[in-house]
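Got your viewer open and a selection box ready? Here's a walk through one model, stop by stop.

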Amino acid sequence: MKKKLLVVLISLVFLITTLPAVITIPFSIDSSNNEAESSFWFYGNKITIVRDNYGVPHIYAGTKEGLAYGCGYAMAQDRLWQADLYRRQGYGSLAEFGLASIDVDYNIRSMAYSKEELREIFDNWVPHRASAKLKEMMLAYVDGINLYISQALTKLASGDPSMMPVEYLAFGLPLEPFTIEDCVAIVVMMAWRFGGCGGDELSYAAALEALQDKYGDEFGWAMFNDHFPQNDPGAEVTIPPEYDSWPEFSSSYSMDFVCGSDLPSLGTVSSEYEEMKMGQTHLFESLGLPTKFGSNAFMVSPFKATNGNPLLQGGPQMGQSIPQIVLEVGLHGAGIDAVGMMMPHAPSILIGVSKWGAWTSTTGVSDNMDTYIEVLNPDNQYQYRYNGEWVDMEKRTERFYGPLKLTYEDRDIYRTIHGPIIGWDLDNNLCFTMKTPYYKDELAAEEGWSLFQQSTDAWDMYVAAGKVHAAHNFYWIDRDGNIAYFHSGKWPIKPTTGKNGRMIDDRLPLWGTGEEEWLGVTGVKEMPKCYNPSQGYLANWNNKPVTNWPFGESDAGWGQGHRVGIIMELLAADNDITFEDMNRIVRDAGYNHIPGMNLLDFVVDAAKTDPTIPSEVIDYLEAWDHHYNDYIDPMWPAVDATYDDTGLTIFDDWYDRIFEEVFEDDLPTYAEVGPIHREYARVWPSTIIHVFDGSASKLPLNYDYLNGEDRDEVICRVLKWTIGNLTENLGPDMSTWLTPVIKWIPDQIGALPRPVMHYMNRGTYNQIAEMIVWNYYDWRNLFALPHAVNVIPPGQSGFLNYLGEYNHAYDQLALYETWTYKPMLYNYWDVMKVAESVLNLYM
């Protein structure tokens, strides 16, 4: 604390003695009240928005409310149409714009809240730190959005459509004011989309049912545990075992868990639910709305870094769209001095860099959602059995409008004590609900995100991370030289036994009769965390947080061979990491071929045992480094661009067939299980690693999926088929067996044309930051700014005017495509050097 006070005092002296009382702006300013001004200062109710040469708005204000007000206005300038669609997606009113059916809106609202409940969530939210002004900032943010909307509508009424996004004009759609309920609806949607994890119990139950129908209870249960293990000892973990480990969690299983477990048949209900979700996903993707999550992050300690400063790379993966799901903002004033990415719901830099530290996030994936089976009254489907009594469901009636509100339907929505209903099985007097630990409390559950931009050290970050109840990983570096990791969330604590004494299994649904209720949820003390590990780095790509972690629904997606392995390998191999190396590492990971990383050696070793495999094939496979290499003509962006390696083409063709060869005769067919279903329509990659490892597998399997055959013989049989297939389709000259460069076409949110990009497994937004460690013997060090860069493709703005003109919509695309970045600006003078516009607002 004394160090911070010293820094603040020296900073104040420096500012007082070096800055003029009034800063002169060398060009005219357009203010909100149409008065031109020629001076700038942070005072009273004045807010200034300075846009840099990439169109990034830097907001300057003397109060937190002022920062939020300017942030809302700047967001509306850049992303008003996008924000409007997000609020409609979050609430369930897309049909009013003709973008979805009333059925889609009904399904959304069935899982969401009424307008009154959204307001109740906001009113009931009591932020733990009043001085942070979080509620006041959200309200001011809404006011800032509405200032822009009122100006745009006023100008439109006078015949000037220049401030109106073209989408409203083209389709004749109304532009309505924003409300705090709209912002809460987006928060809720994002909390469930990116932090609501697990909830796949119906899928797992359907998979188990299919396996037991085919093989019987005992053997079907054994195979189920092969494919969906609760603990994979080979899984890569972020926290080194010596720093944080849960008690030994066996990878074996108990027959008591499911044999005679009294679960109903769930295959049909599960398929219907998955089909509904799949239909929503396809619709949202067609509209450019959020559907995906991923994200990688890694940090390096000062002693492992060339300059002796901590380093951080953040790459949240949320799909690609035009405009992007996130935008950039700088907030400067009232104790906040940060730059980074935000979403259209709140004035919060979710991932960014401040003068004190840098932070990023990835989705945590731990299980915080559970499916409950509700037993319905045969005489009244809207009553369910709970604690020995028939209980009325909670009911609300919602009005759903068609396009332009010319038509409407009133529909009833039901819930139980466990949460919203996700499916019905009236033939068996059942319905299914989804329970989360933050139901109707999403603002409190997501509060920590808004505190990151106000954090000054690792303790502040720990407190903020502890306020996030959804499933997220957070990463922090600071000027004290710390690197820190937190696996945030509240995880359900379940009983070990339930209805009729059955054993509870995290992968399967719970009975909602009152016999299998949560015993509580975990707290901050149980949150996995790690500070400054001796290995000098921490990395995560949505992988398992810690050894023996018991709150994952299944380790299938966390299993051995996880994509994070390439990042960990590169970090471990280098003890002199530079700022540029951080980009080299994330770039390497972005082009890494994950199946090739895990299985290429098996293929090469097997091929060498078979003299009938052409040596040329082995040479090409050995020459390939399991990456998507594009360094030889024709290169991207040539129309006929191809990757450089024949080995890639051979491996991919082999990989496309090997799962079918190994598992098709063992697992239920589509004909046996009905419509395509996520959990039993594929085998997780970790499973085939365990199959190929055989007796050396870290997760011994219960079934011989090779049916007594030698592993290498199976690999070679598929490889020979591949050689024949490629020869037939591409000709006998193997040097021409080159794979076309994979192209990305971003989802389209509005009217801006979609660019074409090449494939990279990287963040929607990327930032790299270096925090300069304090040196109290050098006064210049006290004013050292972060060394930080970032990129948001294709650009900052999503605004297209009525003339078809746009600005800063595509100017970061070339940076992104070439793994280059733009600087993140903190110093006011640095911003002004590249400023394109200055706008003053007044609250």
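What follows is a tour of selections, starting with the whole chain and then going stop by stop through helices, loops and single residues.

**Whole chain.** Keep in mind that this is a predicted model. Show everything as a cartoon and you're looking at 23 helices and 32 strands. Colour by burial next: of the 843 residues in the protein chain, 61% are buried. Switch on the surface, and its accessible area is about 31,800 Å², with 54% belonging to carbon and sulfur atoms. As for contacts with a separation of 6 or more, 73% of them link residues 24 or more positions apart.

**Stop one: H5.** Select residues 134–157 for helix H5 and pick out leucine 153 in it. Leucine 153 is partly exposed, at a relative accessible area of 34%. Beyond its neighbours within four places in sequence, leucine 153 is in contact with Met164 and Leu175. Try a distance label too: from the C-alpha of leucine 153 to that of methionine 163, 10 residues along the chain, you should read 8.2 Å.

**Stop two: H8 and H9.** Grab 201–215 (H8) and 217–227 (H9); their axes come within 7 Å and cross at roughly 135°. That angle makes H8 oblique to H9. The crossing is right-handed. For sticks, show Tyr204, Ala207, Leu208, Leu211, Gln212 and Tyr215 on the H8 side, then Asp217, Phe219, Gly220, Trp221, Met223 and Phe224 on the H9 side. Sorted by class, this contact has nine nonpolar, two polar and one charged residues.

**Stop three: a cis proline.** Zoom to the loop between strand S7 (321–322) and strand S8 (327–333), where you'll find proline 323. The peptide bond leading into proline 323 from isoleucine 322 is cis, with omega near -5°.

**Stop four: a positive phi.** Go to asparagine 429, in the loop between strand S17 (419–425) and strand S18 (430–435). Its phi is near 55°, a positive value in a residue other than glycine. Asparagine 429 is partly exposed, with a relative accessible area of 28%.

**Stop five: H15.** Select 579–591. Which residues of H15 are buried? They are Phe579, Asp581, Met582, Asn583, Ile585, Val586, Ala589, Gly590 and Tyr591. Now add what they pack against: strands S5 (296–300), S6 (311–315), S28 (757–758), S29 (766–770) and S30 (787–791), along with helix H14 (564–572).

**Stop six: H16 and H17.** Take 594–607 (H16) and 615–623 (H17), which pack at about 155° with their axes 10 Å apart. The two are therefore roughly antiparallel. Here H16 passes H17 in a left-handed crossing. The residues to show are Leu600, Val603, Val604 and Ala607 of H16, plus Ile618, Leu621 and Glu622 of H17. Six of these count as nonpolar, none as polar and one as charged.

**Stop seven: into H18.** Histidine 626 sits in the loop between H17 and H18, and its phi is near 50°, another positive value in a residue other than glycine. Then select threonine 649, found in H18 (residues 646–663). Is threonine 649 buried or exposed? Its relative accessible area is 9%, so threonine 649 is buried. Leaving out neighbours within four places in sequence, the contacts of threonine 649 are Leu726, Leu730, Trp737, Leu738 and Thr739.

**Last stop: two prolines.** Finish at the loop between S30 and helix H22 (813–817), which holds proline 794. A cis peptide bond joins proline 793 to proline 794, with omega about -5°.

Technical notes:
Residues numbered from 1 in each chain as written. Predicted model: local features only at pLDDT ≥ 70, side-chain atom pairs only at ≥ 80, totals over all residues. Heavy atoms only, no water. Helix = DSSP H or I, 4+ residues; strand = E, 2+ residues; numbered from the N terminus. Buried < 20%, exposed > 50% of the residue type's maximum accessible area, 1.4 Å probe, protein only. Contact = heavy atoms within 4.5 Å. Areas by Shrake-Rupley, 256 points an atom, 1.4 Å probe, with all protein chains shown as cover. Axes fitted to C-alpha atoms, helices over the stretch in contact; angles between N-to-C directions. Parallel < 35°, antiparallel > 145°, perpendicular 65-115°, else oblique. Left-handed = near helix turned anticlockwise from the far one by under 90°. Nonpolar A, V, L, I, M, F, W, Y, C, P; charged D, E, K, R; others polar.
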